[in-house]
Amino acid sequence: MSDLLERLRGRGWRLTSQRRVVAEVLDGEHVHLTADEVHARAAERLPEISRATVYNTLGELVTLGEVVEVATDGRAKRYDPNAHHPHQHLICTGCGAIRDVHPLGNPLTDLPAEQRFGFAVSQAEVTYRGLCPDCAHGTG
């Protein structure tokens with residue numbers, strides 16, 4: 001069983017066949033699918049699943065904190081199931097590919113006190129941008 005499915009079962013979330021297939025599609029280490037990609041993959045497994053059901057399920061998973069919605073500069077939102085594993089994102093500015101990365105250091109403690117302006121900082125998001133190897137070589 002996937003990590004996401006286990007977490008959802010542990011929360012007592014009712015796993016209908018539609019919810020299950022959406023969770024199964026999202027399972028993986030570097031999965032950052034758009035809602036339309038989730039729908040297309042889910043429909044391969046469960047042809048009768050509607051786009052509305054996929055969007056609603058994704059919204060519920062985000063609200064539960066089990067999936068993170070990743071916005072990438074005007075592109076379609078993507079959904080990251082690694083909500084409970086601290087990481088940052090590396091985004092290709094060419095094709096939009098996203099990878100999870102684990103930089104050294106802690107962005108919460110790396111911010112100097114004089115740059116906090118009195119804030120009690122509780123969370124930080126760092127996004128790295130660049131070209132993936134395919135886009136850098138013109139093959140993407």
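This note comments on helix 2 and on the hairpin of strands 4 and 5 in a predicted model.

1. Helix 2 covers residues 17–26, and its buried residues are Arg 19, Val 21, Val 22, Ala 23, Val 25 and Leu 26. These buried residues pack against three other helices and two strands, namely helix 1 (3–10), helix 3 (35–45), helix 4 (51–64), strand 1 (33–34) and strand 3 (78–80).

2. Just after helix 2, Gly 28 adopts a positive phi of about 145 degrees.

3. The axes of helix 2 and helix 4 come within 10 Å and cross at roughly 70 degrees. Angles of 65 to 115 degrees count as roughly perpendicular, and the two helices are therefore roughly perpendicular to each other. The crossing of helix 2 past helix 4 is right-handed.

4. On the side of helix 2, the contact is made by Gln 18, Arg 19, Val 22 and Leu 26; helix 4 contributes Thr 53, Val 54, Thr 57, Leu 58, Glu 60 and Leu 61. Sorted by class, this contact between helix 2 and helix 4 has 5 nonpolar, 3 polar and 2 charged residues. Arg 19, Val 22 and Leu 26 of the contact are also among the buried residues of helix 2.

5. Strand 4 (residues 88–92) and strand 5 run antiparallel and are joined by 4 bridges. Within this pair, His 89 stands opposite Asp 100 of strand 5. The hairpin has 5 residues between the strands, and Gly 96 takes a positive phi near 90 degrees there.

6. Strand 5 (residues 98–101) has two unlike faces: Ile 98 and Asp 100 lie on the covered face, whereas Arg 99 and Val 101 lie on the uncovered one. Asp 100, opposite His 89, thus belongs to the covered face.

Technical notes:
Residues are numbered from 1 along each chain as its sequence is written. This is a predicted model: local features need pLDDT of at least 70, side-chain atom pairs count only at pLDDT 80 or more; totals for chains, interfaces and linings use all residues. Side-chain values use heavy atoms; hydrogens and water are left out. Buried means under 20% relative accessible area, exposed over 50%, partly exposed in between (1.4 Å probe, protein chains only). Two strands pair if DSSP finds at least two bridges between them. Contact means heavy atoms within 4.5 Å. Axes are lines fitted to C-alpha atoms, for helices over the stretch in contact, and angles run from 0 to 180 degrees between N-to-C directions. Angles under 35 degrees count as roughly parallel, over 145 as roughly antiparallel, 65 to 115 as roughly perpendicular and the rest as oblique. A crossing is left-handed if the near helix is turned anticlockwise from the far one by less than a right angle, and right-handed if clockwise. Ala, Val, Leu, Ile, Met, Phe, Trp, Tyr, Cys and Pro count as nonpolar, Asp, Glu, Lys and Arg as charged, and the others, Gly among them, as polar.
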